[in-house]
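Biologist: I would like to learn how to read the fold, the core and the surface of a model. Could we take one chain and go through it feature by feature?

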Amino acid sequence: TIARILTGLSREVGQAHDDIASGLMAATEVDLSQARAQLGRHLRCTLPDVGTAGVIQVNEARHPVLSLREVNVIPNSIVVDDRHCGVVLTGPNAGGKTITLKTVGLFALMVRAGLPIPAADGARVDWMNTVVAIVGDQQDISDDLSTFSSHLVSLRLALECAREGALILLDELGVGTDPAQGAALAQSIVESLVNRGA
């Protein structure tokens, strides 16, 4: 009797497979939408305007992970547009440059995921087809590469990906070599990225 009941139920589930799968997909979309909205309320986010020109224009931008940890985040204003498509962040050590760089990258990824961003209203973060971030020490002793050589391998990847619609984030460009040579390398890389429309 139990086997007959289970067989009948299995048959009914099999016949309703398409309806069950559609219902599950709809429930998943509703759940994701609720989670996005909840995150947006929790972090006091905004829905940015999204275009395709490679513009990032945000005021009072806060790093999302630090905001989730309820760290007192110092907000930044960031503008990347057709007049400022190559932006260089400079300043003293522990001044927040890497956090700002990571914030921009996370905002680009959040837009791709349909998430609101922790910034003031009126923000714009355009859709980026490619996001490349080279942040931190790239050395890997298993590849027998020095810090500088490893950095060059990563920079080659960035240049290969550089085109319109790509966001390339480079931290401590030209690190691991003579400062004069590193500065010359950094300048040539940034100029090349900008010339390629990234």
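Modeller: What follows goes from the overall fold to the cores and then to the surface. Keep in mind that this is a predicted model.

Biologist: Which secondary structure elements does the protein chain have, and in what pattern along the sequence?

Modeller: Begin with the element count, then read the order. Here the protein chain has 6 helices and 5 strands. Along the sequence the pattern is α-α-β-α-β-α-β-β-α-β-α.

Biologist: How does the radius of gyration of the protein chain stand against that of a compact globule of 198 residues?

Modeller: The idea is to set the value beside a reference. For a compact globule of 198 residues the reference is near 16 Å, but the protein chain has 23 Å. The C-alpha trace spans about 85 × 45 × 30 Å along its principal axes. As one pair to look at, isoleucine 20 and valine 135 lie 115 residues apart in sequence and 44 Å apart in space, C-alpha to C-alpha.

Biologist: What share of contacts joins residues at least 24 apart?

Modeller: Count contacts between residues at least 6 apart in sequence; of these, 65% join residues at least 24 apart.

Biologist: Which residues have the most contacts inside the largest nonpolar core?

Modeller: In soluble globular proteins, nonpolar side chains tend to be buried together. In this model the largest nonpolar core has 18 residues, and those with the most contacts inside it are Ile56, Val58, Phe107, Ile117, Val125 and Leu167. Two or more residues each come from strand S1 (56-61), strand S2 (76-80), helix H4 (97-112) and strand S5 (166-170). H4 gives the largest share, 6 residues.

Biologist: What does valine 58 touch?

Modeller: Leaving out residues up to four places away in sequence, valine 58 touches Asn76, Ser77, Ile78, Phe107, Ile117, Ala119, Ala123, Arg124 and Val125. There is also a second, separate core of 13 residues, which includes Leu159, Cys161, Ala162 and Ala166. Over the whole protein chain, 31% of the 198 residues count as buried.

Biologist: Why does isoleucine 20 count as partly exposed?

Modeller: The class follows from the relative accessible area: partly exposed lies between 20% and 50%. Isoleucine 20, in helix H2 (residues 17-42), is partly exposed because its value is 45%.

Biologist: Which residues make a nonpolar surface patch?

Modeller: Ile2, Ile5, Leu6 and Leu9 make one of about 410 Å². Leucine 6 belongs to helix H1 (residues 2-15). The accessible surface of the protein chain comes to about 12600 Å², with 54% belonging to carbon and sulfur atoms.

Notes:
Residues are numbered from 1 along each chain as its sequence is written. This is a predicted model: local features need pLDDT of at least 70, side-chain atom pairs count only at pLDDT 80 or more; totals for chains, interfaces and linings use all residues. Side-chain values use heavy atoms; hydrogens and water are left out. A nonpolar core is a set of buried Ala, Val, Leu, Ile, Met, Phe, Trp, Tyr and Cys residues joined through side-chain atoms within 4.5 Å. Buried means under 20% relative accessible area, exposed over 50%, partly exposed in between (1.4 Å probe, protein chains only). Helices (H or I, at least four residues) and strands (E, at least two) are DSSP runs, numbered from the N terminus. Contact means heavy atoms within 4.5 Å. Patches are made of residues with over 30% relative accessible area and no salt bridge: like charges are joined within 9 Å, nonpolar side chains (Val, Leu, Ile, Met, Phe, Trp, Tyr) within 5 Å. Accessible areas come from the Shrake-Rupley method with a 1.4 Å probe; for residues, only the protein chains shown count as cover. A salt bridge is a side-chain nitrogen of Lys or Arg within 4 Å of a carboxyl oxygen of Asp or Glu. The radius of gyration is taken over C-alpha atoms; the globule rule is 2.2 Å times the number of residues to the power 0.38.
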